[in-house]
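Biologist: I would like a close look at one part of this model, the way its helices pack. Please take me through it, then set it in the wider chain.

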Amino acid sequence: DLPARVRIHEVGARDGLQNEKSAVPTQIKAEFIRRLAGAGLTTIEATSFVHPKWVPQLADAEDLFPLVRDLGVDLPVLVPNQRGLDRALALGAERVAVFASATESFAKANLNRTLDESLAVFEPVVRHAKDEGVHVRGYVSMCFGDPWEGAVPLHQVARVCTALRDMGCDELSLGDTIGVATPGHVLELLSVLNEAGVPTNVIGVHFHDTYGQALANTLAALQHGVTTVDASAGGLGGCPYAKSATGNLATEDLVWMLHGLGIETGVDLGRLTATSVWMAAHLDRPSPSRTVRALSHK
Ligand code: HMG
Ligand code: MG
């Protein structure tokens, strides 16, 4: 059985733009987010309150967030530690995301901590956020494979997911950071998580399209009951600390499939495609999304 409605968690402005070589001007980012909201997206990850030396592309978070704060949509932001949470709360952020890894190698590369050290950093951050009435998402990267470690045992993913849930995370997002997952693997992981006590209704999926599997993986997750799907407008993205990562599943490709299945998203595909075409002109390269290309050449 497929869900009647899917909530799209749009990550283009964060996961997409964090990986661009050149810094996108703050006003263009704000306009991008405004247009995404205008296209009907209701959860738009806006930026990250991380160390500006680690991700210079998002160093303007303090300037950007106030420009989009009053759009009337949910605007989650990434926070790696208490410093990041303080910065986000000072600007009135109502949704934050901590980001853990299922592997040691990526915890080290992305957060400069061991896996357990990073979980220890998140624990009080999640607690403080919940005390402030802030919604917390917990990302888990490298759920399906790691560029340094190869295969990632399912129980290792379950351990990190359970730890994040025990801290108080409201939802989880299973990251296929390097895009190596295939549908059977997705179903296996979801079953193992359910057996470990993580209910499907708190799970979102975050696929990167490196091997062209993101839509197939999404369909498998929907069939299992998942109703939150991360995607990036125009297929922008990658990850600066995982060299084999390419762009996220393109939101347009996702919407094309969902609407074809009769699943509601609230998204106007024409307006979304126009937004990605506009952004591609600013980035001076075409969108990798097949749907964007097909619809913009009509
Ligand atoms: P560190 O160097 O270990 O930091 O970096 P530290 O805790 O030792 O502090 C060093 C200095 O940084 C201190 O300043 C801190 O105040 C400052 P000093 O006292 O020396 O002047 N500092 C900060 N400044 C501003 N904002 C902060 C902050 N924290 C410390 N939040 C740190 C550790 C976590 C900060 C660093 O590794 C970092 O910023 N990492 C972010 C990496 C990142 O953003 N990666 C991309 C997002 S994850 C992703 O894309 C995957 C995902 O899409 C899912 C998937 O696909 O799998 C979510
Ligand atoms: Mg990602």
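Modeller: Take α7 and α8 in this predicted model. Helix α7 covers residues 154-167, and its axis lies 9 Å from that of α8, at an angle of about 50°. An angle that falls between the parallel and perpendicular ranges counts as oblique. The two helices are therefore oblique to each other. The crossing in which α7 passes α8 is right-handed.

Now the residues. On the α7 side, Leu154, Val157, Ala158 and Cys161 make the contact. On the α8 side, the partners are Glu188, Leu189, Val192 and Leu193. By class, seven of these residues are nonpolar, none is polar and one is charged. The charged one is Glu188, since Glu counts as charged.

Helix α8 has another partner. Running over residues 183-195, α8 meets α9, which spans residues 214-224. Their axes come within 8 Å and cross at roughly 35°. Here too the crossing is right-handed, with α8 passing α9. From α8 come Pro183, Val186, Leu187 and Leu190. From α9 come Ala216, Asn217, Ala220, Ala221 and His224. This contact holds seven nonpolar residues and two polar ones, with no charged residue. The polar pair is Asn217 and His224, both from α9.

A further helix pair sits elsewhere in the sequence. Helix α2 (residues 26-38) packs with helix α11 (residues 269-283), their axes 9 Å apart and the angle about 165°. That makes α2 roughly antiparallel to α11. Their crossing is left-handed. Ile28, Phe32, Arg35, Leu36 and Gly38 are the α2 residues in the contact. Arg271, Thr275, Trp278, Met279 and His282 are those of α11. The class split is five nonpolar, three polar and two charged residues. The charged residues are Arg35 of α2 and Arg271 of α11.

Next, the ligand. The shell around ligand 1 has 24 residues, and His51, Gly84, Ser141, Gly175 and Thr177 come nearest. Elements giving two or more residues to this shell are α4 (82-90), α5 (104-111) and β6 (135-141). By class, the shell divides into 11 nonpolar, 11 polar and two charged residues.

Last, the chain as a whole. The protein chain carries 12 helices and nine strands. Its radius of gyration is 17 Å, close to the 19 Å given by the globule rule for 298 residues, so the chain is as compact as a globular protein of that length. Along the principal axes, the C-alpha atoms fill a box of roughly 50 × 40 × 35 Å.

How values were computed: Residues are numbered from 1 along each chain as its sequence is written. Chains are lettered from A and ligands numbered from 1 in the order in which they are written. This is a predicted model: local features need pLDDT of at least 70, side-chain atom pairs count only at pLDDT 80 or more; totals for chains, interfaces and linings use all residues. A residue is near a molecule or strand if its C-beta atom, placed from the backbone, lies within 6 Å of it. Helices (H or I, at least four residues) and strands (E, at least two) are DSSP runs, numbered from the N terminus. Axes are lines fitted to C-alpha atoms, for helices over the stretch in contact, and angles run from 0 to 180 degrees between N-to-C directions. Angles under 35 degrees count as roughly parallel, over 145 as roughly antiparallel, 65 to 115 as roughly perpendicular and the rest as oblique. A crossing is left-handed if the near helix is turned anticlockwise from the far one by less than a right angle, and right-handed if clockwise. Two residues are in contact if their C-beta atoms, placed from the backbone, lie within 7 Å. The radius of gyration is taken over C-alpha atoms; the globule rule is 2.2 Å times the number of residues to the power 0.38.
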